[in-house]
Amino acid sequence: MDLLIAIIFIIVGFLFLVKGADCFVENASSIAGKIGVSSLIIGLTIVAFGTSMPELAVSVTAALENANEIAVGNVVGSNIFNLLVVAGLSACIYPLLVNKTIMKRDWPLSVVAAVLLTFMLIDRNISRFEGMILLICFGIMLYVQIKQTTKSEEDQKRIDTPYSKLIIFLIIGIAGIVIGGQLVVDGATSLARIIGLSETLIGLTIVAIGTSLPELVTSLVAARKNENEIAMGNVIGSNLFNIFCILGISSVLNPITVEPTAFIDSLILVVFSIVFLVICKFRPLDKKTGLIMVLTYIVYTVYIILR
């Protein structure tokens, strides 16, 4: 792929991402209102899983091709990007009122997931057995989230659009997000190779950021539409999905062996998750907090480039 084609891929990919995310959020929130399910559970499940499809595709492919460093680096890098940049930039656009359920249940659970992953990476290996543990955790989490979600008449909204049409456009939105994300990743990766960046650095930065673009665009669109629960639910839900489901599937398919830096990055994810959880308990996730989160990511990126 030459320079011009790489740039075209990136531009077209962003167009798919933006339009797909807009369609996705609009129809996801409509479905939530129509059936009386909170936007939070839609954000934690349908939106989070949909926007994590690029991570799933990249990590599973990497696992099958024995490119284990990419599989783990993609998930850990994406989770750090989701937490600091996706949530941070969303808050810069529109202050996010973080749902109490996220603060008390889902965000602390994402910390537990990161701690569990860090513990598994101490010996630089994630076995098939440990992968099964991650998948079991994912099943339990999904069951609890859905079971604790109740329908109520006041949550239901008068939406005349039939379910079939909403679902079709939801799928179209997901397709646009996935296609756009893949185009951007392919274009950016080729561009990086043309410039001369290493494969490891490409995996930790461009691939991780590229596969997180669906989360970024979706949460930014949700924040702009004042869909706070979708915006933040997407971030935390994606991070849980990435660790429990994606790494679970990847390691069951092919046990993962990583470099020592993977443990360090996972530990950094734990620290960031705890620090900003504590911060958000005492102050709103507003523009100032969001800017701090984005600046923190920039510092982290400089660190991984220099190390």
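Are Y297 and Y300 buried or exposed? In this predicted model, Y297 is buried, and so is Y300. The close-ups below start from these two rings and then turn to the charged side chains.

**View 1. F272 meets Y300 edge-to-face.** A search of the whole structure turns up five aromatic pairs. One of them joins F272 and Y300, with 6.3 Å centre to centre and 85° between the planes. F272 belongs to helix 10 (residues 260-282) and Y300 to helix 11 (residues 287-306), so this pair ties together parts that are 28 residues apart in sequence. F272 is buried, at a relative accessible area of 14%, and Y300 is buried too, at 5%.

**View 2. Y297 and Y300 form a tilted pair.** Here the rings are 6.1 Å apart, centre to centre, with 50° between their planes. Both residues sit in helix 11, three residues apart, which is about one turn of the helix.

**View 3. Ring pairs build a cluster.** Step back from the two pairs and you will find F81, F272, Y297, Y300 and Y303 linked by ring pairs.

**View 4. R105 and D106 share a salt bridge.** The count of salt bridges comes to two. In one of them, the side chains of R105 and D106 meet at 3.0 Å, N to O. R105 and D106 are both buried.

**View 5. D286 and R283 form a salt bridge.** The closest N and O atoms of this pair are 3.0 Å apart. D286 counts as buried because its relative accessible area, 18%, is under 20%. R283, with 31%, is partly exposed.

Terms used
Residues are numbered from 1 along each chain as its sequence is written. This is a predicted model: local features need pLDDT of at least 70, side-chain atom pairs count only at pLDDT 80 or more; totals for chains, interfaces and linings use all residues. Side-chain values use heavy atoms; hydrogens and water are left out. A salt bridge is a side-chain nitrogen of Lys or Arg within 4 Å of a carboxyl oxygen of Asp or Glu. Buried means under 20% relative accessible area, exposed over 50%, partly exposed in between (1.4 Å probe, protein chains only). Rings of Phe, Tyr and Trp (its six-membered ring) pair if their centres lie within 6.5 Å; planes under 30 degrees apart count as stacked, over 60 as edge-to-face and the rest as tilted. Helices (H or I, at least four residues) and strands (E, at least two) are DSSP runs, numbered from the N terminus.
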